[in-house]
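How does one read sheets, helices, cores and single residues from a set of coordinates? Please work through the following case with a learner and a teacher.

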Amino acid sequence: MVRTHDPVNILLVDDQPGKLLSYEAILSGLGENLIKANSGREALEHLLKTDITVVLMDVSMPELDGFELAEIIRQHPRFQKTAIIFVSAVHLSDLDQLKGYESGAVDYVSVPVIPELLRAKVSVFAELYRKTRDSERLTRELEDRVTARTAELEASMLRQMALTDQLREADRRKDEFLALLAHELRNPLAPVVNAVNIMRLKETGGDADLQWCREVIERQAGQLTRLVDDLLDVSRITLGKIKLRLERVDLAKVLAGALELSRPLMEAHRHQLTTVLPAAPVVLQGDLARLTQVVANLLTNAAKYQNDGGRVDLVVEQQGLEAVITVRDCGIGIPPDMLTEVFELFSQGERTLDRAQGGLGIGLSLVKTVVEMHGGSVSARSEGVDRGSEFVIRLPCLVPEPASGRPVTPPARRAIPPRRILIVDDSRDAAESLAMLLSLSGHHVLVSHHGEDALHLAASERPEVVLLDIGLPGIDGYEVCRRLRQSGLEGALIIAMTGYGQERDRQRSKDAGFDTHTVKPVELDHLMELLASQR
């Protein structure tokens, strides 16, 4: 007959050769390997040499009977799954069968043996063995696959972790590079801005061409300063480090500040600016500086991306509990496929040589980030190229507080008495230009370009105010500040001047003993406010 399975080993054990022959005849049709043993000891020899699936044994045998042989077989770990079938003509009582099962048998066959019944029982145990063996093999294969897959996943996770570490390191280096770049750009900006302020103070209505030159330098230095600030905003946006200083803000103050920032560009391009503002106050819970920056960005974009002599509309209205700010222009417009991308970082749309208007493509991304941080939304609309653009900001607003009825008088600007000021900066242009600017304002100014020299000068002159650069040769500004405080200048106003303006830089200045941290180029009005605060 054709075998449809791998044969297993069947051990036939009986001390009577005739019975062995009869068992062999009955079971030969199963297609299994039949092994005969005439005694219990011979059966053990076969068991030690061969993997046996089923043992068919007589109970009554000399020397080693079936019960004893079954117990020996069951005690060996190798034969835990071997099926033992007892054949007996005398041990047929319930107690005999119970003893057989306790010794390790799985079934009992009585004599005379019914061939069909014996074949069925042996066939069932042989097939059960095969299925158990196949199941165990599949389980092992599955376990091997799971182990291999787990190893692959662990390796993938390790690679992903390594990649994450690399990205984190690259991001850290990028932040450090941006901070260093901003620092290097701000250092030359400081003396330029100082020189422009000196030129303004010394103007006496003279040469119109020189005045025009001064105004050009002032505008372009201001634009370059804004670009440096935008550069640093890249890392703040991507890392979510923009922090809001929330307070009740009158939207009119936001608009006034934004118009002031954008007016020079509007005038330079001779644009017509129209404003439609609400009659009643509109109050927001927001960050005045950031919201001013948002509206100014939209206005300057509208001014940049259209030909000279264009038009910009600023329309503000309150719709329920929402403030709606619309900035509309008649400029180059936005292609339909760019409308969904204009708020992405570094997105500027298609550039041509005659429309390269500068900027880093950060402004609109910053607008979207700040507006959404205020719980609002911003959208863009355009009918296509050269059809103009419209940007709409929606912000939640507050119910305005009732007016007190008393007129509000703006505080008078405090007079600043002459101060004894020490400027410490290794950039001679920056130090000398700032010294000249402060001297023109009536202050007694001392200058030093090295940390050690500054400490000696401070010990003899006892300045009231120290404008101290951080990146000094030799000992840096942090150490100079600490030594100044230790030398008895506890009451002096010590101001950090640096190109580094990130949060960790400000915290480090505070820890070193600085009263305040300013970023180059320092605005003259801000510096005067700081000097006025010194008692």
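The dialogue below takes up the features of this predicted model one after another.

Q: How should I begin with a sheet, and in what order do the strands of the open sheet that holds strands 1 to 5 lie?
A: In general, the strands of a sheet pair through backbone hydrogen bonds, and the pairing is either parallel or antiparallel. Here five strands form an open sheet in the order 2-1-3-4-5, with parallel pairing. Strand 2 (33–37) and strand 5 (107–110) are at the edges with a single partner strand each, so one side of each has no neighbour in the sheet. On average, and ignoring direction, neighbouring strands of this sheet are turned by 20 degrees against each other.

Q: How many bridges join strand 4 to strand 5?
A: Strand 4 (residues 83–88) and strand 5 run parallel and are joined by four bridges; Ile85, for example, has Asp107 in strand 5 as its bridge partner.

Q: Which strands do helix 2 and helix 3 lie across?
A: Helix 2 (residues 40–49) lies across strand 1 (9–13), strand 2 and strand 3 (54–58), and runs at about 140 degrees to strand 2. Helix 3 (residues 66–75) lies across strand 1, strand 3, strand 4 and strand 5, with an angle of about 180 degrees to strand 4.

Q: What is the strand order in the open sheet that holds strands 13 to 17?
A: This open sheet of five strands has the order 14-13-15-16-17, and its pairing is parallel. Its edge strands, each pairing on one side only, are strand 14 (444–448) and strand 17 (516–519). Strand 13 (residues 420–424) is joined to strand 15 (residues 465–469) by four bridges, and Leu422 stands opposite Val466 in strand 15. Helix 11 (residues 451–461) packs on the sheet, where it touches strand 13 and strand 14, and its direction makes about 150 degrees with that of strand 14. Helix 12 (residues 477–486), in turn, lies across strand 15 and strand 16 (493–498) and runs at about 155 degrees to strand 15.

Q: How do I read the two sides of a helix, and which residues of helix 1 are buried?
A: An α-helix has 3.6 residues a turn, so residues three or four places apart point the same way. In helix 1 (residues 17–27), the buried residues are Leu20, Tyr23, Ile26 and Leu27. Seen down the axis of helix 1, these buried residues fall within an arc of 125 degrees, so they line one face of the helix. On the other side of helix 1, Pro17, Leu21 and Ala25 are exposed.

Q: Which residues have the most contacts inside the largest nonpolar core?
A: That core has 38 residues, and those with the most contacts inside it are Leu251, Leu284, Leu299, Leu314, Ile325 and Ile393. Among the elements that each supply at least two residues of this core are helix 7 (251–268), strand 9 (311–319) and strand 12 (389–398), while helix 8 gives the most, with eight residues. Beyond its neighbours within four places in sequence, Leu299 is in contact with residues including Ala258, Met266, Leu314 and Val327.

Q: Is Gln534 buried or exposed?
A: Gln534 counts as buried because its relative accessibility is 12%, under the 20% cut-off. Gln534 lies in the segment after helix 14 (524–533). Gln534 and Val465 are 69 residues apart in sequence, with 8.0 Å between their C-alpha atoms.

Q: How many disulfides does the structure hold?
A: A disulfide is a covalent bond between the sulfur atoms of two cysteines. This structure holds zero disulfides. Cys330 counts as exposed at 53% relative accessibility, whereas Cys481 counts as buried at 0%.

Conventions: Residues numbered from 1 in each chain as written. Predicted model: local features only at pLDDT ≥ 70, side-chain atom pairs only at ≥ 80, totals over all residues. Heavy atoms only, no water. Buried < 20%, exposed > 50% of the residue type's maximum accessible area, 1.4 Å probe, protein only. Core = buried A, V, L, I, M, F, W, Y, C linked by side-chain atoms within 4.5 Å. Contact = heavy atoms within 4.5 Å. Arc of directions from axis to C-beta. Pairing = 2+ DSSP bridges. Axes fitted to C-alpha atoms, helices over the stretch in contact; angles between N-to-C directions. Disulfide = S-S within 2.5 Å.
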